[in-house]
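Here are my notes on the model you sent, set out as numbered points. Please read them with the structure open.

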Amino acid sequence: MGARVTVLGLGAMGTALAGTFVAAGHRTTVWNRTPGKADALVARGAVEATSAAGAVAASPLVVVCLTAYDAVREVLAPLAGALAGRTVVNLTSGPPKDAPETAARVERLGAAYLDGVVMATPSRIGDPASLILYGGSRQAFHDHRETLAALGDPVHLGTDPALSSVYDTALLGLMWATLTGWLHGAALLAEVTAAAYTEVAGKWMRTVGGFMNAYARQIDSGTYPGDEFPLQLHFMTMDILVRTSRARGVDSGLPELFEELAGRAIAAGHDGDSYARLIEYVRRGDRA
């Protein structure tokens with residue numbers, strides 16, 4: 001027998017979550033503030049509750065996916081009796097500051113709380129490679145990990161419920177920086193197809209991953225040996241990228257940003273350090 005799980009909220013993501021639980025054999029109860037969205041799920045085996053309280057009462061695991069944290073608090077506030085002893089997994093998108101407050105409110109209502117972030121589009125829910133991040137109760141994560149694994153790869157980040165949202169923001173920043181760099185490279189290589197460039201770029205990213213792992217250890221230790229690839233060499237190569245971009249009619253703003261950041265560190269005497277030294281300038285958030 002599958003687990004019992006309730007999904008509150010049947011927007012595009014909530015519907016995908018509920019459908020995946022059903023497909024995995026879990027006894028899935030659904031509820032939506034606007035009626036009429038559950039018909040297809042019911043046809044597949046879900047049970048539609050007529051109220052949020054009824055939906056919560058049906059399952060020990062309650063997954064919430066609404067429009068905003070305010071909506072989560074509004075829906076859950078009247079449910080103190082129904083929530084007691086259950087686990088609430090909130091997969092609603094929102095800023096990190098909202099997570100601790102929501103966690104405190106849910107815990108006062110007697111439920112364990114996990115704040116989660118889905119690092120995938122609705123169509124990728126259920127793919128084992130889709131990353132889903134959780135912060136909050138370690139025991140609640142342990143108790144329901146197997147059920148949550150139906151949605152994707154579950155990763156518990158720590159007991160701070162805000163961690164999932166902070167990770168989400170950081171990882172999206174990494175995605176945008178990477179994609180923008182990839183677009184810049186595709187623009188430079190206008191004489192070849194983007195597919196041909198991407199095939200080579202994918203191989204290069206394995207090397208970049210190696211740099212990240214090595215530099216992460218330097219950041220954690222606070223020491224930045226430049227070894228074979230010091231910051232001065234990075235800076236010289238950045239200048240070539242800036243001039244090449246201009247010569248080929250490609251926007252040079254991105255490499256100029258790299259050059260400016262590295263230039264500040266070099267001006268402060270860090271030319272022999274590694275690229276990881278720049279973390280100190282990124283952390284400061286100033287341009288002095």
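**Notes on pockets, cores and helices**

1. The second largest pocket has a volume of about 220 Å³. It is lined by 15 residues, of which L91, S93, V117, V118 and D168 are the closest to its centre. Please keep in mind that this is a predicted model.

2. Which elements supply at least two residues each to the lining of the second largest pocket? They are β6 and α8. The most comes from β6, which gives four residues. By type, the lining of this second largest pocket holds eight nonpolar residues, five polar and two charged.

3. The largest pocket encloses about 2100 Å³ of space. Its lining counts 39 residues, and those closest to the centre are A177, T178, V208, F258 and Y275. Two or more lining residues come from each of α8 (163-188), α9, α10, α11 (253-267) and α12 (279-284). The lining of the largest pocket contains 30 nonpolar and nine polar residues, and no charged ones.

4. Helix α8 contributes to the linings of both pockets, with two or more residues in the largest and at least two in the second largest. The helix has 26 residues and spans 37 Å from its first C-alpha to its last, close to the 38 Å expected at 1.5 Å a residue. Buried positions in α8 are S164, S165, D168, H184, G185 and L188. D168 is also among the residues closest to the centre of the second largest pocket. The buried residues of α8 pack against β6, β7, β8 (153-158), α9, α10 and α11.

5. V250 sits in the loop between α10 and α11. Is V250 buried or exposed? V250 counts as buried because its relative accessible area is 13%, under the 20% cut-off. Apart from neighbours within four places in sequence, V250 is in contact with H184, A187, L188 and S245. Of these contacts, H184 and L188 are themselves listed as buried in α8. From V250 to L8 the C-alpha distance is 47 Å, with their positions 242 residues apart in sequence.

6. The largest nonpolar core has 28 residues, and the members that touch the most others are L17, V30, V63, V89, L91, Y134 and L151. Elements giving two or more residues to this core are β1 (4-8), α1 (12-23), β4 (61-64), β6 (112-119), β7 (131-136) and α7 (138-148). The largest share, six residues, is from α1. L91, one of the core residues named here, is also among those closest to the centre of the second largest pocket.

7. Which residues does L17 contact, leaving aside its neighbours within four places in sequence? The contacts are V63, C65, L91, I125 and L151. Among them, V63, L91 and L151 also belong to the group of core members that touch the most others. A second, separate core has 25 residues, including L66, L79, A82 and V106.

8. Helix α1 has 12 residues and reaches 16 Å from its first C-alpha to its last, close to the 16 Å expected at 1.5 Å a residue. The helix is mostly covered, with nine of its 12 residues buried. These buried residues are M13, G14, A16, L17, A18, G19, T20, F21 and V22. Their cover includes β1, β2 (27-31), α2 (39-44), β4, β6 and α7. Just after α1, G25 adopts a positive phi of about 90 degrees.

9. D227 also has a positive phi, of about 50 degrees, although it is not a glycine. D227 is located in the loop between α9 (194-221) and α10 (231-247). D227 counts as exposed because its relative accessible area is 65%, over the 50% cut-off.

10. G85 lies in the loop between α5 (80-83) and β5 (87-90). Because its relative accessibility is 71%, G85 counts as exposed. The C-alpha atoms of G85 and E107 are 9.7 Å apart, and the two residues are 22 residues apart along the chain.

Key
Residues are numbered from 1 along each chain as its sequence is written. This is a predicted model: local features need pLDDT of at least 70, side-chain atom pairs count only at pLDDT 80 or more; totals for chains, interfaces and linings use all residues. Side-chain values use heavy atoms; hydrogens and water are left out. A nonpolar core is a set of buried Ala, Val, Leu, Ile, Met, Phe, Trp, Tyr and Cys residues joined through side-chain atoms within 4.5 Å. Buried means under 20% relative accessible area, exposed over 50%, partly exposed in between (1.4 Å probe, protein chains only). Contact means heavy atoms within 4.5 Å. On a 1 Å grid over the protein atoms alone, a cavity is a set of points where a 1.4 Å probe fits but cannot get out, and a pocket is an open set with protein on both sides within 12 Å along at least five of seven lines; lining residues have an atom within 4 Å of a point. Grid points are joined across faces, edges and corners, and a volume is the space filled by probe spheres set on the points. Ala, Val, Leu, Ile, Met, Phe, Trp, Tyr, Cys and Pro count as nonpolar, Asp, Glu, Lys and Arg as charged, and the others, Gly among them, as polar. The expected span of a helix is 1.5 Å times one less than its number of residues.
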